[in-house]
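Trainee: Could we go through this one together, a step at a time?

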Amino acid sequence: METVILKGRKDGFELMLADWADFDQVTADLEALLVQLNQDTSTERVEFSLESGNRLFDEAQAATITQIFDRFPRFTVRQLHSNVGPTAELKQRFLNQAIHLGGGIIRSGQRQAFNGDVLFSGTLHKDAVLEATGSVFVLGEIHGLVIAGSDGDASAVIVGDVSQATQIRIADSVDIIADRNVAGTSLSYVNDLHILEHGDAAQLKDLRPRLFRKMEEM
Amino acid sequence: MGTSLVVTSGKGGVGKTTTSANIGTALALQGKRVVMLDLDIGLRNLDVVLGLSNRIIYDIVDVATGRAKLHQALIKDKRFDDLLYVLPAAQNADKDSVMPEDVVEIVNQLRDDFDFIILDSPAGIEQGFRNASAGADGAIVVTTPEVSSVSDADRIVGLLEQQEMPIAPRLVINRIRPHMMTDGRSMDVDEITKHLGIGLLGIVVDDDEVIASTNKGETVVMEPDNPASQGYRNIARRLLGESVPLMAIEEKKPGFWARLFRRN
C-alpha cells in the first residue's frame, strides 16, 4: 500500500500521509512523489494541503516535512491537518466545557478560579473571590466577590443569592451589590443592552437556552 | 514532647500578646512547663506584659544567629518556680533577622523540656507571622467582636489551613462587651464562631483589670475572681483536655437604688 496519496480537490491538491505507516517510510515516499511531480508538472506554483489522518506530527516531524518541501521551490504547504490533537490541549478543552464542582469555605483573601462553569456549594466570605471563565452557580452564602465570564464572556450568568455579596462581575460589567437591593433574586446576567441585571433562576431557560440545555444533558 | 501553639490574629491590637501571656501563665498555674516566644521582632512587648523587661540579656535573634545558646536567652519567671519561661524578641533588629527554619529549630530544641511552647505572633501576615506559624503544631486565633477583626481572623484561618497543622486552629474571642452583644450592636459569639467555621476555644470579657495588671507587669489570670481571668483559665483547662462549659456572658444590671441615684 502506498503511504502517500495525491488527491485533487476543488480547492487544490491534497497529500494524504498514511497514519499507519512508519514516519521514515512516509517521508521517503513523499520525497519521491514530489521529485516525480516536479518533473511531470509545468512551471506553475502548486500549494498542497497535507492530511495526516489519526497521526499528530510532533515539531521535529513537522520540521522534517517542511525541509522536504523546501527543496522544491514551486511546492508549498498550505496547511497540515490532523484528525487528532495534543492530549493536554484536548483535556483543557474538555475541562472548559465541563461544569466544575467546588465547595467549602473561601476565606477572606482567598481566590478560587475555574476554567469553564462552576457549581460551588459552600460559603464565600467577605473579601474572598470566586471566579470562572464560564457561569457560576452557588449553593450557599455569598459575602464576597463573584466573577463570571472572567475572560470576557458576557453570556455567562451567576445563579445564587447574591444579595449579601460585596460585588458581582460578569465579563466587563460590575455591580456593587451594597448600593442596591437585590434580595429575592437568584439570577444575574448581562442583558442585550450590556447592563448587568438581576432576575429569577427560572428565566435561565429563556435567557440562556444553550446553557440550560447543557445543564439538562448532564 | 511539648505542643507548640501560635497565638495570632492578623489584626493588631486585639490582644494577642495579652492572650499569650495569660494562657501561658494559666497553664503554668496548672503545673505545666511553659515557654513563650515573642516573635514580634523590633516591637517586643511580651516581656513587658510579664514584667520581665529588666532581665533580658539575649534575645531570639542572638539565638538564631548563634551569638547565644538557647538556654542563655530564656528568661525565667521566678513567680512560677521552674514552670514559666520567655524567649524575648530583639528590639533593634530587622524583622528578617529570623527565618521560619530558625523558629522550627528553636521550637524543636524546646520540645523535650516544656509541655507547651507558645509563639506570640506579630500582627499582619508577613515574615513575622510566617516565622511564628512555621514552628507551630496548632494555632489560637484571637479576634474581637469587631467586623474588621473577624475579617482579618478569617484571612489568617485561611492561611493557617493551607499549612495543614496537626492541630486544627481554634478561636478565642477577646474583649467581649456583654451589653453590646445583648443589645445587638456587636457580633455575638455564635455568629463569629459560625462565620469563621473553626472550634471555639474560649471567650474573654473586656475588663479594666486586664490593662491595669498589664501595666504592673502582671497577668490578670493571677486574680482568680476576675471574669477575664476566668476566661483565660478556662481556655488553659480546655487546652489540657478538660471539658469546660462556656462561661455565661451576663451584663451586670444596676439595682433599683443604683438606678435611682444615677438619675439626673
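Here is our talk about the model.

Mentor: Quick ground rules: this is a predicted model, where local features need pLDDT of at least 70, side-chain atom pairs count only at pLDDT 80 or more, and totals for chains, interfaces and linings use all residues. Residues are numbered from 1 along each chain as its sequence is written, while chains are lettered from A and ligands numbered from 1 in the order in which they are written.

Trainee: Which strands are the edge strands of the open sheet in chain A?

Mentor: Strands here are DSSP runs of E, at least two residues long, and helices are runs of H or I, at least four long, both numbered from the N terminus. Two strands pair if DSSP finds at least two bridges between them. The sheet has 6 strands with mixed pairing, in the order β5-β7-β9-β11-β14-β15. Those that pair on one side only are β5 (99–106) and β15 (196–199) of chain A.

Trainee: What is the bridge partner of A:Val159 in β14(A)?

Mentor: In chain A, β11 (residues 158–159) and β14 (residues 187–190) run antiparallel and are joined by 2 bridges. In β14(A), A:Val159 has as its partner A:Leu187.

Trainee: Is B:Val14 buried or exposed?

Mentor: B:Val14 sits in the loop between β1 (3–8) and α1 (16–29) of chain B, and an unreviewed UniProt entry includes B:Val14 in a "binding site" (such annotations may be inferred rather than shown by experiment). A residue is buried if 20 or more other C-beta atoms, placed from the backbone, lie within 10 Å of its own, exposed if 12 or fewer, and partly exposed in between. Because B:Val14 has 26 C-beta neighbours inside 10 Å, it counts as buried.

Trainee: Which residues is B:Thr17 in contact with, leaving aside neighbours within four places in sequence?

Mentor: B:Thr17 lies in helix α1 of chain B, and it is buried, with 25 other C-beta atoms within 10 Å. Contact means that the C-beta atoms of two residues, placed from the backbone, lie within 7 Å. For B:Thr17 that gives B:Asn45, B:Leu46, B:Val49 and B:Asp120.

Trainee: Which helix gives the most to the largest nonpolar core?

Mentor: A nonpolar core is a set of buried Ala, Val, Leu, Ile, Met, Phe, Trp, Tyr and Cys residues joined through C-beta atoms within 7 Å. The largest has 75 residues, and B:Val34 is one of those with the most contacts inside it. The top contributor, with 6 residues, is helix α7 (residues 147–163) of chain B.
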